[in-house]
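Work through the exercises below with the model open. Each task is followed by a stepwise solution.

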Amino acid sequence: MASTCARRHPRHRTATTRGVAPRSVRLSSPERVLFPEEGITKQDVFEYYRAIAPVLVPHLRNRPFTMKRSPYGLGGDVYFQKQAPKGMPSWIPTRTFRTYPREGGSRLVDFPLVNSPEAVLWMVQMNCIDMNAWYSRIDKPHRPDFVLFDLDPPDGGFALAISVAHLIREELERLELESYVKTSGADGIHVLVPIARRATFEQTYAFAERVARGLEERHPGVVTTEWLKRKREGVLVDHRQNARGKTIASVYSVRPKPGAPVSTPLRWDELTEDVTPRRFGMREALERVEQHGDLFEPVLAGGQALGRALKRVR
């Protein structure tokens, strides 16, 4: 049982009004095993998120949230739900945005906002193992506050992904931009560049693409932008993940992979060749927060202007 006071949130012109009374979340099926090899249960995941919530919630707050639901845990069916479900507690706010499904047309979607520890725990109760939210916030939905470089290595190529992450960091430093790195918690690496909320998604997409293609030209066979896996040689630096409406598994998310790895922030000097893709689990993530605080806190501050760097990579 967990309970804290919900916060008031700014009204959006398409908002659904929600209550702000204190609430609690009751976990059903706590004994359900989500990670069979490790015996990790829904209760274990729930308790982890309750403990990590103070540093996780700021990274989710006021970002449209997509529910990635895994009712049977690792190996079971997974489905994505953007529309806030019927029966969602009234104290979880929503905001309405128009989306453009791949099959064509458009529709209005009421996205949940995971703005409190209770909201995180309710998502776990609804079988969300990892937490996925937009790159932008509701007050400026067309203005992302970071650029993402999503590194997808070939099978067994995580050491190569580490090398490519450092190539990206060096290129960003040349462009006078600070970057921050985390394990994806799956098989890759995420490099984030916090920016002032002035650039559009088109601009952040263009910037990521130019940096990725420049590295591909200078490091053939090491860096690639090839989407088709059968044609790839090297580590995919996927600039396409910067399109509007994309989501990212948030920092501190448990991932539905063997061992229940966590997307964990690292200092750049910690990203050495001995790091493995699933080295950090729930215990390690909590221990690191206790020791180092939130290493991704600077990502929330933004502030870096993208315009000058974008011109330099044209």
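## Exercise 1: a strand pair

β7 and strand β8 (residues 107-112) are paired antiparallel over six bridges. This is a predicted model: local features need pLDDT of at least 70, side-chain atom pairs count only at pLDDT 80 or more, and totals for chains, interfaces and linings use all residues. Residues are numbered from 1 along each chain as its sequence is written, and side-chain values use heavy atoms, with hydrogens and water left out.

**Task.** Which residue in β8 does Arg-98 stand opposite, and how many of the six residues of β7 are buried?

**Solution.**
1. Fix the terms. Helices (H or I, at least four residues) and strands (E, at least two) are DSSP runs, numbered from the N terminus. Two strands pair if DSSP finds at least two bridges between them.
2. Find the partner. Arg-98 faces Leu-108 in β8.
3. Check the cover. Buried means under 20% relative accessible area, exposed over 50%, partly exposed in between (1.4 Å probe, protein chains only). Strand β7 spans residues 94-99, and five of its six residues are buried.

## Exercise 2: a six-stranded sheet

**Task.** What is the strand order of the open sheet of six strands, and which are its edge strands?

**Solution.**
1. Write the order: β13-β14-β10-β12-β11-β16, with mixed pairing.
2. Read off the edges. They are β13 (223-224) and β16, each of which pairs on one side only.
3. Take β11 (residues 180-183). Four bridges tie β11 to β12 (residues 189-194), and the two run antiparallel. Two bridges tie β11 to β16 (residues 265-266), again antiparallel.
4. Follow Lys-182. Its position is opposite His-190 in β12. Lys-182 also stands opposite Pro-265 in β16.
5. Inspect the turn. β11 and β12 make a hairpin with five residues between them. Gly-185 in that turn has a positive phi of about 85°.

## Exercise 3: positive phi without glycine

**Task.** Asn-62 and Ala-260: what is the sign of phi in Asn-62 and in Ala-260, and is each one buried or exposed?

**Solution.**
1. Start with Asn-62. Its phi is positive, about 60°, although the residue is not a glycine.
2. Place Asn-62. The loop between α1 (42-60) and β5 (65-69) holds it. Asn-62 has 15% relative accessibility, so it counts as buried.
3. Turn to Ala-260. Its phi is positive too, about 55°, and it is not a glycine.
4. Place Ala-260. The loop between β15 (247-249) and β16 holds it. With a relative accessible area of 1%, Ala-260 is buried.

## Exercise 4: two loop residues

**Task.** Which residues does Ser-70 touch, and which does Pro-154 touch, not counting residues up to four places away in sequence?

**Solution.**
1. Set the cut-off. Contact means heavy atoms within 4.5 Å.
2. Locate Ser-70. It lies in the loop between β5 and β6 (79-81). Ser-70 has a relative accessible area of 2%, so it is buried.
3. List the neighbours. Beyond four places in sequence, Ser-70 touches Asp-77, Val-78, Asn-127 and Ile-129.
4. Add a distance. Ser-70 and Asn-127 are 57 residues apart along the chain, with 5.3 Å between their C-alpha atoms.
5. Locate Pro-154. It lies in the loop between β10 (146-152) and α3 (158-174). Pro-154 is partly exposed, with a relative accessible area of 33%.
6. List its neighbours. Beyond four places in sequence, Pro-154 touches Gly-234 and Val-235.
7. Add a distance. Pro-154 and Glu-287 are 133 residues apart along the chain, and their C-alpha atoms are separated by 30 Å.

## Exercise 5: the whole chain

**Task.** How many helices and strands does the protein chain have, and what percentage of its 314 residues count as buried?

**Solution.**
1. Count the elements. There are seven helices and 16 strands.
2. Test the compactness. The radius of gyration is 19 Å, close to the 20 Å that the globule rule gives for 314 residues, so the chain is as compact as a globular protein of that length. The radius is taken over C-alpha atoms, and the rule is 2.2 Å times the number of residues to the power 0.38.
3. Take the buried share. It is 54% of the 314 residues.
4. Check the contacts. Among those between residues at least 6 apart in sequence, 69% join residues at least 24 apart.
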